[in-house]
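Q: I'm new to reading structures, so please pick one part of this one and take me through it closely. After that, I'd like to see how the rest is put together.

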Amino acid sequence: MEDVLVDRRSEGDWSWVTRNWSSPVYQLKRERDSNGIKSDVLNSGSVQHVIDQLTKETGRNRNELTMEAIEVLDRMGHSFTMKAIRFFGLLLAKTFKRIYRSINVNVEGIEAVKKLVSHYPIVLMPTHRSYVDFLVVSYIFYHYDLPLPVVAAGQDFMSMKVMGWLMRHAGAFFIRRSFGNDLLYRSLFDEYIRTHIAGGDAPLEFFVEGTRSRSGKSLPPKLGLLTAALEAFFKSDVLDVMIVPVAISYDRTLEENLYAYEVLGVPKPKESTSGLFSARRILNDDYGNVQVIFGKPISFRQFCGIEINRSVHNCSPKHLSPLNAEEHEVVKKLAYHVLDCHQKTLVLSPFVLIAASIVGHIQQNTRKVRLQQLTFDVNWLLSIVSRLKTNINWDHTKDTLNIIRDECKLHKNVVCITDDGTVEIREISSPAIDDRDVPMDLHGVVISHILLSHYSNQILSVFVPHGFLALIFCNKLSVTTIESIRSEVAYLQRLLQFEFAFCKDYSMEVFDKALLFLCDLGAVTVDPSSNEIIVKKDDDLLVFLVSMFEPFLLAYMILCRSLLEFTSTSTMTFKVIAKRAQEAAVRFLLNNAEFRHHVILSIELLSNGVYALHEFGALKKDLTNNSTFYCVVYDKLLAIATTLDGYVMKFGIDDFHKRISTQQFGAKL
């Protein structure tokens, strides 16, 4: 690994950004500037076809539609200028040196990209944990004299006048979050992406997860950008496309506090230049190290194999030949493969293990843990994840106690070490949280617990199959054979598919390996004659896994119970459902002081539950006047709630319903 900030600390930034910079050029690159790209998009067969179609269907003047298309492209398009790039580079160099100790890059990954960039179109697909992600990638490419990527950015950034201008002139292009039924915009977007791949103007960069992960977990992929990028291959505009997964991890996430508030439902502040300057206090803080791993490039041609017959698009004009089901399926398959590459190459901070260990103690109703005990717990967890070949940025030249001290100092806003050798969770209050949403009784602990979960969640992908098995072993008393376990695993895979990006596609072999792992560690044994599972329920690993995964099921159960209070004829918006469920979760926490899973207040978690219930058919969705409404399918919803009751055995159905009842506890709010 090479720290790209080392030279910046010893040499002048000005001489670095103003050096004679040049980069390799794609051998089939078209000679055109940003205006030429827009012109090619506007005059493409696909866009002209849509304009003709809309002229006939809507009766609008063709020139009017053409002018609208030009305006869209002017708002969307990037406009590379070297002056802006150099100034942005200078700004980033000075900022990164202030807030990060190092930005470490795997040099072999960079060398692999260098070898390919002259011969193939390149698509960069980083993880998305921070606004900083795309800035880090562009900085690294400038550092190593690689062609700067064009980056898909949300249209929100355009409201930041100075920063938006810099981003556009350093390679960002701006797109809407959703297109709705706007055929003209969709055709312009698709063609803008496709022409960059076909023309080889620059590497294309976008986030397969679509948006930043506030929770620290990988999000299910969004396929729109990837489909548009790969259309150039499907329609034989290029021989191949090279996909480069990029895994970026931070010791401390820049937006951690903002994420905690957003997870609780506090609206995200609008991006603005004034907001950026008001946040300049971060320049005086320490955000630790950044690890950037450029994964092994994926040849899309080889990934497709012989499954895809591209000649089917030669039978008609390409813009009239839509992608078929097989092509859409291979795009989806690639998206999940990229997410898998991210998980296998991410280098996690030691604080991820520390946070996970502290979360385990939180569930035991304590805000404090002895440093000696935490050291023991972290060493134990490190041994477990090491056996699973997880990448941890662990300094083996230092003892665990000193690593914990250093990490607690870095995250001093969340935890602190007291004079008597105790690690204590800080209370964090904020006027940004409305008492009507989260009562004052919970303010101090909720934010700190959500912050800790942002880091502890980063380890969950390692333990998904083991966690599912632990939930079954410890909570489903009737499940004792491998066959019955597989049935329960399939249920959890479907239920939690929106929480864990890969779990629905895990084969039973993955869970069989996880079972063998638990057997090897003595958590369970299998009777070879009867195939019956014998569980050691007080096993440390099982207890830890249940503490990490049980909150997801509890949140879903609260969601189900809150929805059962509606009649089958009631219609609700997504927002109403999520807020009602959060109110029920608040009541549950207020009346169960011994229960500390404050992450169940997460609007993101409850929203994922809504998606899952719709998938199960327990919620019906109806689109009316461009607004989405849901109604309850009572029998299916009750069946899911009853199943979830079996997983969270601490409370019976009737007792649990009383604990979240609006009528009984509404006065306390």
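**A close look at helix H4**

A: Let's start with what surrounds helix H4: its buried residues are covered by elements that include helix H3 (34-42), helix H5 (62-76) and helix H10 (183-199). Contact here means heavy atoms within 4.5 Å. Keep in mind that this is a predicted model, in which local features need pLDDT of at least 70 and side-chain atom pairs count only at pLDDT 80 or more, while totals for chains, interfaces and linings use all residues. Residues are numbered from 1 along each chain as its sequence is written, and side-chain values use heavy atoms, with hydrogens and water left out.

Which residues of H4 are buried? They are Ser-46, Val-47, Gln-48, Val-50, Ile-51 and Leu-54. Buried means under 20% relative accessible area, exposed means over 50%, and partly exposed lies in between (1.4 Å probe, protein chains only). When you look at such a list, remember that an α-helix has 3.6 residues a turn, so residues three or four places apart point the same way.

You can also check the length of H4. At 1.5 Å a residue, the 14 residues of H4 (residues 45-58) should span 20 Å, and the end C-alpha atoms are 20 Å apart, which agrees. The expected span is 1.5 Å times one less than the number of residues in the helix. Just after H4 comes Gly-59, with a positive phi near 80°. The helix names come from DSSP: helices are runs of H or I with at least four residues, strands are runs of E with at least two, and both are numbered from the N terminus.

Past Gly-59, look at Arg-60 and Glu-64, whose side chains meet in a salt bridge (3.1 Å, N to O). A salt bridge is a side-chain nitrogen of Lys or Arg within 4 Å of a carboxyl oxygen of Asp or Glu. Glu-64 has 42% relative accessibility, so Glu-64 counts as partly exposed. Arg-60 counts as partly exposed too, at 29%.

By this rule, the count comes to 30 salt bridges. One of them joins Asp-145 and Arg-19, with 2.8 Å from N to O. Asp-145 lies in the loop between helix H8 (132-143) and strand S4 (150-154), and Arg-19 in the loop between helix H2 (13-17) and H3, so this pair ties together parts that are 126 residues apart in sequence. Asp-145 is partly exposed, at 31% relative accessibility.

Another salt bridge links Arg-580 and Glu-565 (3.5 Å, N to O). Arg-580 lies in helix H24 (residues 574-590) and Glu-565 in the loop between helix H23 (540-563) and strand S15 (572-573), so here the parts tied together are 15 residues apart in sequence. Salt bridges that share partners also join Arg-8, Glu-11, Asp-13, Lys-94 and Lys-97 into one network.

Now for the strands. Strand S2 (residues 102-105) is covered on both faces: Ser-102 and Asn-104 on one side, and Ile-103 and Val-105 on the other, are all buried. Two strands pair if DSSP finds at least two bridges between them. Strand S1 (residues 2-3) runs antiparallel to S2 and is joined to S2 by 2 bridges; Glu-2 has Val-105 as its bridge partner. S2 also pairs with strand S8 (residues 289-294), this time in the parallel sense, over 4 bridges. There, Ser-102 stands opposite Asn-289.

Elsewhere, 3 strands form an open antiparallel sheet in the order S10-S12-S11. The edge strands, S10 (368-370) and S11 (415-417), each pair on one side only. From one strand to the next, the twist averages 20°. S11 is joined by 3 bridges to S12 (residues 422-425), and Cys-416 stands opposite Glu-424. Helix H16 (residues 350-362) lies across S10, S11 and S12 and runs at about 80° to S12. Such angles run from 0 to 180 degrees between N-to-C directions, with axes as lines fitted to C-alpha atoms, for helices over the stretch in contact.

Finally, step back to the whole protein chain, which has 28 helices and 17 strands. Buried residues make up 57% of its 669 residues. Among contacts between residues at least 6 apart in sequence, 78% join residues at least 24 apart.
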